[in-house]
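Hi there,

I am passing a structure on to you, with some notes to help you find your way around. Please open it first and then read on.

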Amino acid sequence: MTNQIPEIKLNDGMRIPAIGFGTYKLWGNEGAGAIANAIDHGHRLIDSAYNYENEGTVGAALKRTAVSREELRITSKLPGRYHTYDKAVKAIQESLYRADLDYYDLYLIHWPNPIQDQYVEAWQALIDAKKWGLIRSIGVCNFLPEHMERLEKETGVLPSINQVELHPFFNQEEQRKWHEEHGVTTESWSPLARANEVFTNDTIKEIAAKYSKTVSQIVLRWHYQHGAVAIPKSASPKRQLENMSIFDFTLDDADMTAMNNLTRPDGRMNDLDPAVYEEF
Ligand SMILES: NC(=O)c1ccc[n+]([C@@H]2O[C@H](COP(=O)([O-])OP(=O)(O)OC[C@H]3O[C@@H](n4cnc5c(N)ncnc54)[C@H](OP(=O)(O)O)[C@@H]3O)[C@@H](O)[C@H]2O)c1
């Protein structure tokens, strides 16, 4: 894929880069330029969603780069309002039309919406869309272990990926352990905690100084050493490059532990608990 970014293998055999690129709030001409830049700098795993209203922007970015479609791993996500089987199938088709793509490499259910309780139907649609060649690998976001256990019990298929809020202030130790035991790859959303607290945290700043790396590189390396695929978003070409340059050093055990200890039970940024929060 690229020389710089190692790959990992998902439970269905698909390979993806160990770090990706988030696109939330990147849209329009400027957004397409930023995404094309990220690809030109070496990012190959691109994360978008139906609800970001930027699948078209991602499609436009792909037309601006010389990187071939086969080298890229493009992700989108199914919104909560389309969880019934028929609506889910149409939404997947619409996602493809918006991006002008024949297939997505990854398609994820955006939120389980357990009160609505239709995520198993949505999952069946993703399973079938994969059979029809519209999606190469299927996964979820924000699913708790109980939600994934139900998917497996009722359809026999576990997600390849679960994309969850994960950063030093909410490190999801239990959830990551469950993923590891069940062969589900962890993907970290808001891996830099949206650039708020991480950049002023003394522990992370000290570790950054010790390794002569930036705060962002230390945090993203911490994700990588936990086996989690981080998808940092940046509109800046300089920061995009910085964020993927994390494969030439290793955090030692003491520094990993110091970073692990920053977690807090209430560390979620906006209190989005998938057991009760629903997004449509
Ligand atoms: N599945 C879900 O429910 C879900 C939820 C939220 C997000 N996501 C996905 O996860 C992606 C990443 O999360 P996010 O966008 O919320 O937050 P994030 O990646 O943690 O942080 C993005 C912020 O960090 C800044 N930044 C990036 N690199 C930096 C660097 N090297 N130094 C200083 N600042 C830096 C960016 O500013 P600049 O752009 O100015 O560089 C931006 O303000 C999203 O874009 C989206 O694709 C998924």
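**What turned up**

One aromatic cluster is made up of Trp111, Trp189 and Tyr277. Please keep in mind that this is a predicted model.

**Aromatic pairs**

In total, the structure holds eight aromatic pairs. Here are two of them to look at.

The pair of tyrosine 50 and tyrosine 82 is edge-to-face, with 5.5 Å centre to centre and 75° between the planes. What does this pair link? It links distant parts of the chain, 32 residues apart. Tyrosine 50 belongs to the loop between β4 (45-47) and α2 (55-64), while tyrosine 82 belongs to the loop between β5 (73-78) and α3 (85-99). Are these two rings buried or exposed? With a relative accessible area of 6%, tyrosine 50 is buried, whereas tyrosine 82 is partly exposed, with a relative accessible area of 22%. The cut-off for buried is under 20% relative accessible area, so tyrosine 82 does not count as buried.

Next come tyrosine 211 and phenylalanine 249, whose pair is tilted: the centres are 5.9 Å apart and there is 50° between the planes. Tyrosine 211 is found in helix α7 (residues 202-211) and phenylalanine 249 in the loop between α9 (237-244) and α10 (253-260), so this pair ties together parts that are 38 residues apart in sequence. Tyrosine 211 counts as buried, at 18% relative accessibility, and phenylalanine 249 is buried too, with a relative accessible area of 9%.

**Charges over rings**

Tyrosine 50 comes up again here: arginine 98 lies over the face of its ring, at 4.0 Å from the ring centre. Elsewhere, the charged end of arginine 69 sits over the ring of tyrosine 103, and the distance to the ring centre is 4.0 Å.

**The sheet**

In which order do the eight strands of the open sheet run? The order is β3-β4-β5-β6-β7-β8-β9-β10, and the pairing is parallel. At the edges are β3 (21-22) and β10 (229-230), each of which pairs on one side only. Taking the β10 edge, you will find that β9 (residues 185-189) pairs with β10 in the parallel sense over two bridges. Which residue is the bridge partner of serine 188 in β10? That partner is alanine 230.

If you would like a place to begin, try the ring of tyrosine 50, which pairs with tyrosine 82 and has arginine 98 over its face.

Enjoy exploring,
A colleague

Terms used: Residues are numbered from 1 along each chain as its sequence is written. This is a predicted model: local features need pLDDT of at least 70, side-chain atom pairs count only at pLDDT 80 or more; totals for chains, interfaces and linings use all residues. Side-chain values use heavy atoms; hydrogens and water are left out. Two strands pair if DSSP finds at least two bridges between them. Helices (H or I, at least four residues) and strands (E, at least two) are DSSP runs, numbered from the N terminus. Rings of Phe, Tyr and Trp (its six-membered ring) pair if their centres lie within 6.5 Å; planes under 30 degrees apart count as stacked, over 60 as edge-to-face and the rest as tilted. Buried means under 20% relative accessible area, exposed over 50%, partly exposed in between (1.4 Å probe, protein chains only). A charge sits over a ring if NZ of Lys or CZ of Arg is within 6 Å of the ring centre and within 35 degrees of the ring normal.
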